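Thanks for coming, everyone. Let me put the sequence and the structure on the screen, and then we'll walk through a few places.

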Amino acid sequence: MATTDILRIVITPLAEITKCITTPLKREISYLVHYKTNVENLKNQVENLIPKKNDVNGLVEVARRKNEVIKEEVQKWMTRVAEIEVDMRRLDEEVNQNKMCFMRWCPNCSWRYGLGKEAMKKTQDAKDLLNEGNFSTVSLPAPPPSIEYRPVGDFETFESIGSHMNQIVNALKEENINTIGVYGMGGVGKTTLVTEVAKQVKRERLCDEVIMVTISRNPNIKTIQRDLAENLGMKFEEENEDLRAGQLMKRLQQEKTVLVILDDLWEELELAKIGIPYKGVPKGCKIVFTSRDLDVCTQMRCQVNIEVKVLSDEDSWDLFRMKTDGAVDSPTLHDVARDVVKECGGLPLAIVTLAGALRNKDLLVWEDALVQLKRSSPSNIPGMNKKVYSSLMLSYNHIESDETKLLFLFCCLFPEDYEIHVDYLLIYGMGEGLFLNVNTLEEARGRLHTMVQKLKASSLLLNGKGRFGIALSFSNINKEFVKMHDLVRDVAISIASNTDNGFLAKPNAGLEEWYEMEQLKQCKRISLMHNNISEFSGIPECPHIRTLLLQCNPDFSQIQDSFFQGMKSLVVLDLSFTSISSLMTSISCLKNLRTLNLGGSNLRELSLQGLEKLEVLILCDTAIPELPAEIGRLSNLKLLDLTNTPKIKVPGNTISKLRRLEELYMRDSFCDWEVEQTQGGMGKNMASFAEIASLPALRILKVQVINGKCLSQDISSPWKNLKAFVICVDDMFIDSPLSSPRSMRLNMLWFKSNPVSDWVKELLERTDELSLVGTMPLLKPTIDRPTVLVAQQEEECRDSTSILQADLLQRLHNLTELKVENCSHWKEVFCYEGRERDQALLSKLRKLKLENLLGVTRIWNGIVPFGTMHNLEKLLVIRCGSLSNIFSLSLSRSIQQLGKLRIEECHSMENIISVEDNKLQQLQSSTIFQNLQKITIIKCNKLKHLLPMSLASGLQRLEVLSIRKCEGIEVIIAEEEITGIDKVVLVLPLLTHVRVDDLPKLKSFFYQVRGLELPSLVFIEIWGCPNLKRFPLGPESAPNLDEIKGDENWFRELEWEEESFKSRLQPLLNNRRGAKHPFPYDSDEPVDCCLPCMRYAKIFAHHLIRTYKISYARNRTISWSTPNHPTGLPKDMACALKTRGMSIEYMANVISTKSIMVCFSFNPRSRCLRKPAGDEWREEINGCYLGTRICEDQQGRRNGGE
């Protein structure tokens, strides 16, 4: 091998090795030698990068202004640029320091090396950033708006608002609920509420997506689709609505859970056209609608509808105080501010608006605002017209029917806060011709109901309770009241007072005289009701007037004959509750009059001459002696009300001429109907009962008949259209509030002693409520009541021993309530001799009351067909002194639904169920009294026990047990000597209240009981049981016992197996007898003596009538006299006062040794009942004895004093 080859082989690798070593070494040396140059290069490179950074920053700022999302890569690039700038400045500062070592004799090579190397690396990074900064876009499109950032206005979580929120959120949590409606009047805060709900849903992650879109009054499909798409981060390229809907639906179905809130719906919306999945809504999709109209929520098939109501008084004040920054706390403004808040009626929009307008204003401005609010014209208060009135006006404008709009405006004719009975709207609407295309009053009532429901659904009318309004005397057929929110009424007055509508509403304005105002010429409807006007003088020029309401002007006593000359277009006139005594010629010029209400006036003379168009005539509670003969000419009359006109006479051949009469009300009115038309003789020419029966259009009838022979009168084709009736064939008319509109009261002596005609039998088949009465013990004549009823001679009915026999029992298949009273001539109530498989008898009966049946020895005699009385819920047996038991075995098996049982003063009663010991084993406790909830036994002295053990175990739904004044009771649950029955554990799971009182022989509650479990018992009362030596409960029997009422000495002397148990019960003892306690009142319903139309009335208490309920009207006086009780009120009489929310001030004075009179005077500003100190008698109200004062709060709860 040549030398050159050898050298090449050796030198080449060495050269490569040298190269590998020297190149890095050279680079490393350059870091050391050229460190300043490297830093300078970095500065140059960063300066080249800065323009690019500025450009990118500019693009980012533009994107942020558009609310777009900056790309993550751009954000990271900008961060790195900022970091490299910082590093460049740091290195530049360090290079100028020129660090040395070895006492500054030698350069710091290590420092220079590191500086040069870092500068070189950063320079390369800067070059890379420069290349990477060429972004096509720096941002992504803006995300959909988050519900969490949606403004909520003036939302505050008050108690009432919190309740609404919880209702909505709880409904959203239910898997089976997908559609929820939220409704309420304008300005009540629906939008604010659902916005806060949406935020809560988002915070709690109840739904993945929450979308809220406002629909508004005139919805635009494309706009709604666009808003939904933006909320979902979508953007439509298409204009076609169907394509958009498809895309939206697909997008919504992609979400696992989504909440869609559609705010402010005014009408039904087809969600499929928008793109919201609705039919067969996916479980993950929830939809919430808000609307002012409940009907809209119904049309949208909402599964749950939640009403947003106005704020409570306290919440209203808190909100107002908050929005005025506490300025109302000053003594100067506090009282007027309270009044201002009250005028807002709890409407949040009005509260916030007024707070903003009055904040920082002086007292004069506040007082002026209050005056404007009270006069329903707050036009000068900033924001009220623009915000509040305009919001409520939208609801009015949205009403489609002009008739419904006019009906709404009619409601502003009544006083503020007045509760309007809908029958007033009926009679006024009939007069005004408000109900188009209706032919009968029944159809008009149906139309009115539809219109009222529409106004209620739109929150323009609210439900009333009848506490601040007066019902018409015939109004127990319909008990519906409505009222207007104060601000809604203000809006209604504002609308109604314009020239086109022509309303003048000045009710309860304190007016004392009639002014001949120029504006009357343009008025169409005038309301001056509830004022103090005593005289109407002059001849008002009202050529366009249609309605004039002057009722409740108590001092208004006479009208000039020419007063109505300028009102010939009048169709509605209301003069009720005035002192007018004569209307002979003054109204004869009103040829177009259709509705005339004179009820409750002092009317004694009336001429109906010229009023041939009259359709509604109300003469209730007047002193008119005779029905005018010209009434026979009123061929268009549809409603005649003669209620409480006891002195009136009805001439013959007058009623029969009213061929269009649909409703006739004659409670406590003329009752001396003739069987046949009579003339001559004593000069008598009274109407016959056949005249009423012959009225072809009659649909509703209330009438009393004294002559029992009418029951035997054959009447051809009677009652063709009669749908509701109260017919009393007796000498006493008791018109209690009826749960049923078909009721009869028959005197048994007449009923049994005369043949019954077919028309009576036909009506009995349709009757829902039937009262059969014998000879009533009547009141004796008194000076205070010269016109009295005279007791008839008792007649013995010897041909029958049963009150109701098979022929009648089989006809009473619609009966729901039966009362049999004061019949001492029969031995049995029911008698049926058919077969068990016959059709069930009294299958719809729900309530049975047997009272004062002194001769009855058994309730049912004979066969009890299967299913008889199987719907009976309430049974009352009172003063049936010959009864030894209540139920036979077969009857007790049939009454499966019995819930309440009351037995009182049945002194021969030995057993509740007549069952021999050898038949007890046939009974199954689970099928006897299985639904019984309440048992009350009073004054049954022969009764030794309530039930045997075999039946007591079936009382699984018993809640209340009360046994009082039973001298023979030894044990509550009796011991049995029957094979197979051993001591058992008795469990009554729902029993909450036990009361035993005056049981001198009671030794034990239960025999043959190994254990007793009463898990729900909270109250037990024990008085007058001296032989009860042990507490009737064990330590573990009643874990929830809250109160024990009883004598302290009796409790102390009880024998105890465990002293610890006594110590545990001691704090629960309350030894104050007669103080207010939680025991449910167990009396029967009170007799209702409704006197809303009388200025003065007197009620005579009778020993058979234990409870009276008095309803009254404002400014009326009621006297209560009890002549049969020298010491005052009967011992067991309760006076329950139905105050209708008004306050009562009363005074009790002993008038004589034979009577006590309680006079009531009404003060609407006070809320308490008072009587003078020193008076000895007390009232028992709702089971609680009350003394000198009874207060009633705003919710109507009674609070008793000592």
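Which residue in β8 is the bridge partner of Leu 262? It is Phe 289. Before going further, note that this is a predicted model.

Let's stay with that part of the chain. Strand β7 covers residues 258-265, and strand β8 covers residues 285-291. The two pair in the parallel sense, over six bridges. Ile 261 has Val 288 of β8 standing opposite. On to β5 and β8: these also run parallel, and five bridges join them. Here Val 182 stands opposite Thr 290 in β8.

Now the whole sheet. It is open and has five strands, in the order β6-β7-β8-β5-β9, with parallel pairing. At the edges sit β6, residues 209-214, and β9, residues 304-307, each pairing on one side only. From one strand to the next, the twist averages 15 degrees.

Helices next. Helix α6, residues 190-203, packs on the sheet and touches β5, β6, β7 and β8. The direction of α6 makes about 165 degrees with that of β6. Helix α7, residues 221-231, packs on the sheet as well, touching β6 and β7. For α7, the angle with the direction of β6 is about 155 degrees.

How covered is β8? Seven of its seven residues are buried. In a regular strand, side chains alternate between the two faces of the sheet. So look at each face of β8 in turn: Cys 285, Ile 287, Phe 289 and Ser 291 are buried on one side, and Lys 286, Val 288 and Thr 290 are buried on the other.

One residue in β7 deserves a stop: Asp 263. Is Asp 263 buried or exposed? Buried, at 3% relative accessibility. Leaving aside neighbours within four places in sequence, Asp 263 is in contact with several residues, among them Thr 191, Met 212, Ser 216 and Thr 290. Asp 263 and Thr 195 are 68 residues apart in sequence, with their C-alpha atoms 9.5 Å apart.

Cysteines, briefly. How many disulfides does the count give? Zero. Take Cys 523: the nearest cysteine sulfur belongs to Cys 542, 6.8 Å away. The cut-off is 2.5 Å, so Cys 523 is in no disulfide. Cys 523 is buried, at 4% relative accessible area. Cys 1025 is buried too, with a relative accessible area of 4%.

Now the rings. The count comes to 19 aromatic pairs. One of them is Trp 77 with Phe 135: ring centres 5.7 Å apart, planes at 90 degrees, so edge-to-face. This pair links distant parts of the chain, 58 residues apart. Trp 77 is in helix α3, while Phe 135 is in the loop between α4 and β4. Trp 77 is buried at 2% relative accessibility, and Phe 135 is buried at 17%.

A second pair is Phe 830 with Trp 860. Here the centres are 5.2 Å apart and the planes at 35 degrees, so the pair is tilted. Phe 830 lies in strand β29 and Trp 860 in strand β31, so the pair ties together parts that are 30 residues apart in sequence. Both residues, Phe 830 and Trp 860, are buried.

There is also an aromatic cluster, made of Phe 414, Tyr 418, Tyr 424 and Tyr 428.

Last, charges over rings. Arg 338 lies over the face of Trp 317, 4.1 Å from the ring centre. Lys 405 lies over the face of Tyr 396, at 5.3 Å from the ring centre.

Conventions:
Residues are numbered from 1 along each chain as its sequence is written. This is a predicted model: local features need pLDDT of at least 70, side-chain atom pairs count only at pLDDT 80 or more; totals for chains, interfaces and linings use all residues. Side-chain values use heavy atoms; hydrogens and water are left out. Two strands pair if DSSP finds at least two bridges between them. Helices (H or I, at least four residues) and strands (E, at least two) are DSSP runs, numbered from the N terminus. Axes are lines fitted to C-alpha atoms, for helices over the stretch in contact, and angles run from 0 to 180 degrees between N-to-C directions. Contact means heavy atoms within 4.5 Å. Buried means under 20% relative accessible area, exposed over 50%, partly exposed in between (1.4 Å probe, protein chains only). Rings of Phe, Tyr and Trp (its six-membered ring) pair if their centres lie within 6.5 Å; planes under 30 degrees apart count as stacked, over 60 as edge-to-face and the rest as tilted. A charge sits over a ring if NZ of Lys or CZ of Arg is within 6 Å of the ring centre and within 35 degrees of the ring normal.
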